[in-house]
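Open the model in your viewer and keep the selection tool at hand. The stops below go one at a time.

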Amino acid sequence: TGQITTNNATLAKGASVTFTVTNNQIISTKDVVIVNIGSGATTATYTMSVTNVSVGSFDITISNTSGSAAADTLVINFAIIRVN
């Protein structure tokens, strides 16, 4: 488990951004990563998902689903479920 804090770069309404998280606990592409917003979504509504899992990393995509641009610093919680 862990937390990731994003920067407060502006994300246009309807826009998405994807970034890679390096984590040596991902040992198989079958592992499951769960993410959610822990705090910081004060000016917009966001959706978030894991869009790729590779050995040693995973990708998170954040989308601004509100009606305007936003620049929030989000704290993202994540958990890794190991699948054998």
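Which residues does Thr61 touch, not counting residues up to four places away in sequence? Select Thr61 and bear in mind that the model is predicted. The residues it touches under that condition are Ser16, Val17, Thr18, Thr47, Met48, Ser49 and Thr51.

Now colour strand S5, residues 57-64, which is where Thr61 sits. Thr61 has a relative accessible area of 13%. Buried means under 20%, so Thr61 counts as buried.

Next, show side chains for Thr61 and two of the residues it touches, Thr18 and Thr51. The side chains of Thr61 and Thr18 are joined by a polar contact of 2.7 Å. A polar contact of 3.1 Å links the side chain of Thr61 to the side chain of Thr51.

Leave S5 and move to another part of the model. Select strands S1, S6 and S3, which form an open sheet in that order, with antiparallel pairing. Strand S1 (2-5) and strand S3 (32-39) are at the edges; each has a single partner strand, so one side of each has no neighbour in the sheet. From one strand to the next, the twist averages 30°.

For the last stop, keep S3 and strand S6 (residues 75-81) in view. How many bridges pair S3 and S6? There are seven, and the pairing is antiparallel. To see one of the matched positions, select Ile34 and then Ala79, its bridge partner in S6.

Note on methods: Residues are numbered from 1 along each chain as its sequence is written. This is a predicted model: local features need pLDDT of at least 70, side-chain atom pairs count only at pLDDT 80 or more; totals for chains, interfaces and linings use all residues. Side-chain values use heavy atoms; hydrogens and water are left out. Two strands pair if DSSP finds at least two bridges between them. Helices (H or I, at least four residues) and strands (E, at least two) are DSSP runs, numbered from the N terminus. Axes are lines fitted to C-alpha atoms, for helices over the stretch in contact, and angles run from 0 to 180 degrees between N-to-C directions. Buried means under 20% relative accessible area, exposed over 50%, partly exposed in between (1.4 Å probe, protein chains only). A polar contact is a pair of N or O atoms within 3.5 Å; within protein, one must be able to donate a hydrogen and the other to accept it, and residues adjacent in sequence count only if both atoms are side-chain atoms. Contact means heavy atoms within 4.5 Å.
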